[in-house]
Amino acid sequence: MDSRHQQQSEHYKIYVKMTKTLALDVNSTDTVDQIKSKIGSIEGIDKSQQALFFAGNHLENDNRIADYDITTNSCVDLYVTDGMQISVSIPSVGKTIKLNVTNSQSVADVKAVIEQKGGVPLGEQILMCAGRQLEDHQMLSQCGLSNGQALHVLVCPTGNLRVLVDIGGRKTINLDVKCWYTVADVKLLIETLEGSPACTQVLSTEIGGDTIVLKDTDTLHSQHVKNNDILTLHMDRTVQFFVRTLEGKTLTMMQNLSDTTKDIMKKIEERLPIKPGIYRLCYRGHAMSLEDPLLKYKVESDTTIHICLIGEVKGKQKG
């Protein structure tokens with residue numbers, strides 16, 4: 001071990017040159033980071049904005065001042081920068097890295113460092129701050145970042161898509177999107193272009209003849225949406241329909257087309273003494289899956305949904 005690391009702590013004074021000279025009482029075992037903290041408490045200069053030099057050497061935060069042979073009455077140079085430290089989380093690879101950056105750097109510069117330290121190619125990074133995406137051309141000074149800011153990186157493929165959106169059969173619009181966009185992102189684009197509030201939109205696609213209603217959290221990639229595919233926009237609305245019980249009674253219900261079979265069953269169980277798990281709902285001969293919305297089955301006003309016992313339980317009931 002270096003003999004300098006074995007020496008006992010020796011108390012002395014050094015001088016830090018700024019626009020004025022500041023005298024600091026230090027110990028030889030103090031780290032550079034601790035010295036910066038002392039300067040910050042006296043002068044109000046954030047540690048991330050301090051760069052200390054001695055005899056032409058840049059002093060690293062984790063090293064002790066004795067490691068640089070800084071002795072009593074030594075003079076250390078302080079330069080105040082526009083720097084800050086940020087933390088970058090990369091959930092897809094389970095890493096969080098800390099970066100020292102300056103306001104004069106661009107977002108693309110930061111991505112280049114993330115590529116070097118985190119191993120994520122620059123072109124596959126989406127850098128997010130407080131829920132908003134930072135664009136490559138922006139300077140950090142334009143992004144409103146502060147010292148200690150937490151950013152996170154979404155790792156995504158680079159594929160561009162053009163999708164067609166059928167607006168209720170009235171017209172079709174073209175949208176240029178990325179395959180990693182969520183359905184919620186697409187709805188916001190439609191709202192911008194058409195003025196239809198995203199919260200009232202229901203988007204579906206046809207796969208193998210089936211109508212698949214897209215969830216807001218789905219990505220276009222996860223739903224196998226390809227270039228020039230057609231999405232259909234439905235405006236969420238309320239329909240009145242009937243539910244025929246096992247005893248032949250009829251319940252009248254009002255639900256949104258975006259409500260799922262599970263939502264309907266919950267309403268039924270509030271009104272009937274029927275246990276969950278022993279029955280299912282059928283519409284026009286088709287069993288309705290729990291997570292599917294009414295829209296998938298094209299449920300129309302004044303039509304009837306039937307309660308049916310699940311096959312195995314039905315057999316026991318007959319016995």
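**Notes on the chain and on aspartate 218**

1. Of the 319 residues in the chain, 37% count as buried. Please keep in mind that this is a predicted model.

2. On overall form, the chain has a radius of gyration of 32 Å, whereas a compact globule of 319 residues would come in near 20 Å. Taken along the principal axes, the box filled by the C-alpha atoms is roughly 95 × 50 × 35 Å.

3. Turning to secondary structure and contacts, you will find six helices and 20 strands in the chain. Among contacts with a separation of 6 or more, 53% join residues that lie 24 or more positions apart.

4. A word on the surface: the chain exposes about 17,800 Å², and 48% of that area is supplied by carbon and sulfur atoms. As for charge, there are 35 positive and 39 negative charges in the chain, and their mean positions are 8 Å apart.

5. One residue that I would like to point out to you is aspartate 218. Its place is the loop that runs between strand E14 (210-213) and strand E15 (230-235). Aspartate 218 is buried, yet it has no salt bridge. The nearest side chain of opposite charge belongs to lysine 215, at 6.0 Å; a salt bridge would need a side-chain nitrogen of Lys or Arg within 4 Å of a carboxyl oxygen.

6. Which residues does aspartate 218 contact, leaving aside its neighbours within four places in sequence? They are Tyr181, Thr182 and Val183, together with Gln223.

Technical notes
Residues are numbered from 1 along each chain as its sequence is written. This is a predicted model: local features need pLDDT of at least 70, side-chain atom pairs count only at pLDDT 80 or more; totals for chains, interfaces and linings use all residues. Side-chain values use heavy atoms; hydrogens and water are left out. Helices (H or I, at least four residues) and strands (E, at least two) are DSSP runs, numbered from the N terminus. Buried means under 20% relative accessible area, exposed over 50%, partly exposed in between (1.4 Å probe, protein chains only). Lys and Arg count as positive and Asp and Glu as negative; His and the chain ends are not counted. Contact means heavy atoms within 4.5 Å. The radius of gyration is taken over C-alpha atoms; the globule rule is 2.2 Å times the number of residues to the power 0.38. Accessible areas come from the Shrake-Rupley method with a 1.4 Å probe; for residues, only the protein chains shown count as cover. The place of a charge is taken as NZ of Lys, CZ of Arg, CG of Asp or CD of Glu.
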